[in-house]
Structures are given as C-alpha cells and as structure tokens.
Amino acid sequence: MDVGFIGLGQMGSAIALNLVKAGHRVVVYNRTRAKAEALASQGAEVAESVADACRRPVVITMLADDSAVEAAFFGNGNGLSTLDQGAVHVSMSTISVALSDRLAEAHRSAGHSYVAAPVFGRPEAAAAAKLFVVAAGPDAELARCQPLFDAVGQRTFIVGDKPSSANLVKLSGNFLLAAMIECLGEAFALTRKGGIEPHLYLEILTSTLFSAPAYKTYGTIIANQQYEPAGFKMSLGLKDIRLALAAADALTTPMPVASLVHDQFLCGVATGAGDSDWSALARLAAVNAGL
C-alpha cells in the first residue's frame with residue numbers, strides 16, 4: 001500500500017518503520033528533517049513537505065496535539081486541499097473529540113475519507129508492533145486500512161462508524177492510566193515512608209491484587225524512580241487530561257478524579273517536570289510526603 005506518514009516522534013517513527021517492514025511503500029515527513037532521513041536508511045522515502053506526503057491514497061498522522069494536526073490539514077501544511085479524491089486520512093494522534101468531528105466533516109465535504117485510529121501502548125510496544133489500535137470510521141475504509149493496523153498492532157478494536165468515538169475511548173483510557181499512576185504514586189509514598197522496600201511492595205501488588213501489565217510497567221518505573229527519559233511526557237499527559245475534561249464537559253459528565261489528576265499534572269509541569277515521564281506524578285507524591 002502507498003502511504004504518506006506525518007509525525008515521527010518516538011511513536012510515529014516506530015509505527016512508520018513497522019509499516020516499511022511489512023512491505024508498504026511509506027513516504028515520511030517530519031518538521032525536523034533528520035528524523036525522516038533516519039528512516040530513509042530503513043527503506044522509507046522522505047517527503048519535502050506535508051503536502052508532498054499527502055499525495056498518497058492513504059495518509060497517516062501521528063502528531064503531538066490538536067494544533068499540530070490543525071496546522072497540517074487546515075493551516076500552512078495544506079493537507080486537506082492536497083489529498084486526492086477518495087484518499088483516506090488515518091489519524092493515529094491523541095486529539096480532541098471536537099477536532100476529530102471537524103476533520104470528519106471537512107474530509108467528507110472535500111471528497112475524502114477519515115478514520116480515527118489512536119493507539120494504546122508505550123514506545124517499546126510500538127517498536128515491537130504490539131500496539132492496540134482503537135479505530136472508528138466508515139466500514140469500507142476500516143477494511144481498507146486493516147492491513148496497516150495489522151502491521152503495527154497486535155489487535156484492532158472497531159468502535160463504530162463515527163470516527164470521534166475512537167478518540168473518546170482513547171482519552172478515557174489515558175484518564176484511567178493517569179488516575180492509576182497518581183494512586184500508585186501515593187501508595188508508594190505511603191509505604192516508602194513507612195519503611196517498606198519499594199520493589200518488595202511492587203512484587204506484592206502485582207502478584208496479588210493488581211497483576212495487569214499497566215501496574216507492572218508503571219509500578220516498576222516508580223519503584224526504580226526512573227522518570228527520565230520519558231516514554232510519554234508529563235506535558236502530554238496534561239494535554240490528554242484537558243481533552244478528556246473537555247469531552248466530559250461537552251457530554252455533561254462530571255469527572256472529579258480527572259480534575260484532581262489535571263491539577264497534579266499542572267503542578268508537575270509548573271515545577272519543571274513537563275519533559276519527565278508522566279509517571280513522575282509519583283515523584284510529586286513522594287516530595288509531598290517529605291521523601
């Protein structure tokens with residue numbers, strides 16, 4: 001399949017490389033050209049601009065936030081007007097429900113298709129092609145894109161024909177992860193202050209009550225106090241909680257825990273931890289406990 005790929009951060013680079021490995025022709029673009037050139041040695045082609053990358057039957061975006069996606073398709077990137085009739089834009093970015101709805105309408109009006117396909121998984125899962133893809137959009141376009149999802153993930157969940165439904169699921173999942181991290185951080189701070197060795201505590205938790213992979217992954221980071229380099233930055237965690245709260249406001253759904261976690265992320269960013277892993281919420285809990 002002929003694919004344009006825009007956005008080569010930790011996640012995007014790994015996803016694009018796995019598409020290349022699966023035999024797809026992948027033309028990559030990144031604002032920092034060096035990241036695109038790094039993939040050229042692996043078999044990708046380098047686009048000169050967003051518009052150049054968009055001259056493909058399928059275009060995937062894996063960008064950091066709403067503003068980056070808006071710039072690519074509605075701003076100077078000129079992506080919306082560059083796509084050919086019948087092309088499909090697959091947004092794998094974690095963006096707002098509102099922007100996803102706007103993209104769906106804009107693409108429909110322009111004669112394109114739009115699929116939202118955000119993913120669950122950290123960079124190591126992306127590198128191993130073990131992501132979980134949450135996809136929504138027209139049935140025919142989902143079927144068309146399934147070989148791409150198979151190349152990057154271990155399972156695809158289809159949640160309907162309204163693309164923004166996938167974004168709502170993604171934001172709700174990231175809220176749950178953030179709430180779990182906050183609770184883990186508080187629990188580790190409590191037991192550390194009481195003299196319990198963190199790795200022993202982690203083993204007890206993950207061998208009894210909480211054997212889920214997320215508890216093992218983030219519990220290990222917290223026990224090791226290894227918040228740099230970031231797999232997912234705290235500043236992005238703050239962004240996602242803001243988007244979850246915006247979706248909750250639009251749907252008249254109170255989320256008091258999300259509001260608490262938002263303020264904890266805001267504290268972390270305000271005190272200089274924006275580039276740390278979002279699990280550094282646990283460091284805030286430890287500091288507040290006097291550790």
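How do E8 and strand E9 pair, and over how many bridges? In this predicted model, E8 (residues 131-135) and E9 (residues 153-158) run in the parallel sense, with five bridges between them. Alanine 135, for example, stands opposite isoleucine 158 in E9. To get from one strand to the other, follow the chain through helix H8 (residues 139-152): E8, H8 and E9 together make a right-handed β-α-β unit.

E8 has another partner too. Strand E7 (residues 119-120) pairs with E8 over two bridges, this time in the antiparallel sense. Here you can pick out phenylalanine 120 standing opposite phenylalanine 132 in E8. As for cover, four of the five residues in E8 are buried, so the strand is mostly tucked away.

Now look just past E7. Arginine 122 sits in the loop between E7 and helix H7 (123-127). Is arginine 122 buried or exposed? Arginine 122 counts as buried because its relative accessible area is 14%, and the cut-off for buried is under 20%. Leaving aside residues up to four places away in sequence, arginine 122 touches a list of residues that includes Met11, Leu131, Tyr218, Phe232, Asp277 and Trp278. A little further on, alanine 129 lies in the loop between H7 and E8. Alanine 129 is buried as well, at 18% relative accessibility, and its phi is near 55°, a positive value in a residue other than glycine.

That backbone angle deserves a word. Most residues other than glycine have a negative phi, and most peptide bonds are trans. The loop between helix H11 (213-224) and H12 holds both kinds of exception: glutamine 225 lies there with a phi near 50°, and proline 229 is in that loop too, joined to glutamate 228 by a cis peptide bond with omega at about -5°. Glutamine 225 is partly exposed, at 46% relative accessibility.

Next comes an open sheet. Six strands line up in the order E3-E2-E1-E4-E5-E6, with parallel pairing. The edges are strand E3 (45-46) and strand E6 (113-116), each of which pairs on one side only. Further in, four bridges join E4 to E5, and isoleucine 60 has valine 90 in E5 as its bridge partner.

Helix H4 (residues 66-73) gives you a neat exercise in sidedness. Its buried residues are Asp66, Val69, Ala72 and Phe73. They span an arc of only 130° around the axis, so they sit on the same side of H4. An α-helix has 3.6 residues a turn, so residues three or four places apart point the same way. Among the elements covering those buried residues of H4 are strands E4 (58-61) and E5 (88-91), along with helix H6 (97-110) and H12.

H12 also takes us to the second largest pocket, which has a volume of about 210 Å³. H6, helix H9 (164-193) and H12 each give two or more residues to its lining, and the largest share, four residues, comes from H12. Lining residues include Ser96, Lys162, Ser165, Leu243 and Ala246. Alanine 246 belongs to H12 (residues 234-250) and is partly exposed, with a relative accessible area of 45%. From alanine 246 to alanine 116 is 18 Å in space, C-alpha to C-alpha, with their positions 130 residues apart in sequence.

Methods:
Residues are numbered from 1 along each chain as its sequence is written. This is a predicted model: local features need pLDDT of at least 70, side-chain atom pairs count only at pLDDT 80 or more; totals for chains, interfaces and linings use all residues. Side-chain values use heavy atoms; hydrogens and water are left out. Buried means under 20% relative accessible area, exposed over 50%, partly exposed in between (1.4 Å probe, protein chains only). Two strands pair if DSSP finds at least two bridges between them. A crossover is right-handed if, with the strands pointing away from the viewer, the path from the first strand over the helix to the second runs clockwise. The arc is that of the directions from the helix axis to the C-beta atoms. Contact means heavy atoms within 4.5 Å. On a 1 Å grid over the protein atoms alone, a cavity is a set of points where a 1.4 Å probe fits but cannot get out, and a pocket is an open set with protein on both sides within 12 Å along at least five of seven lines; lining residues have an atom within 4 Å of a point. Grid points are joined across faces, edges and corners, and a volume is the space filled by probe spheres set on the points.
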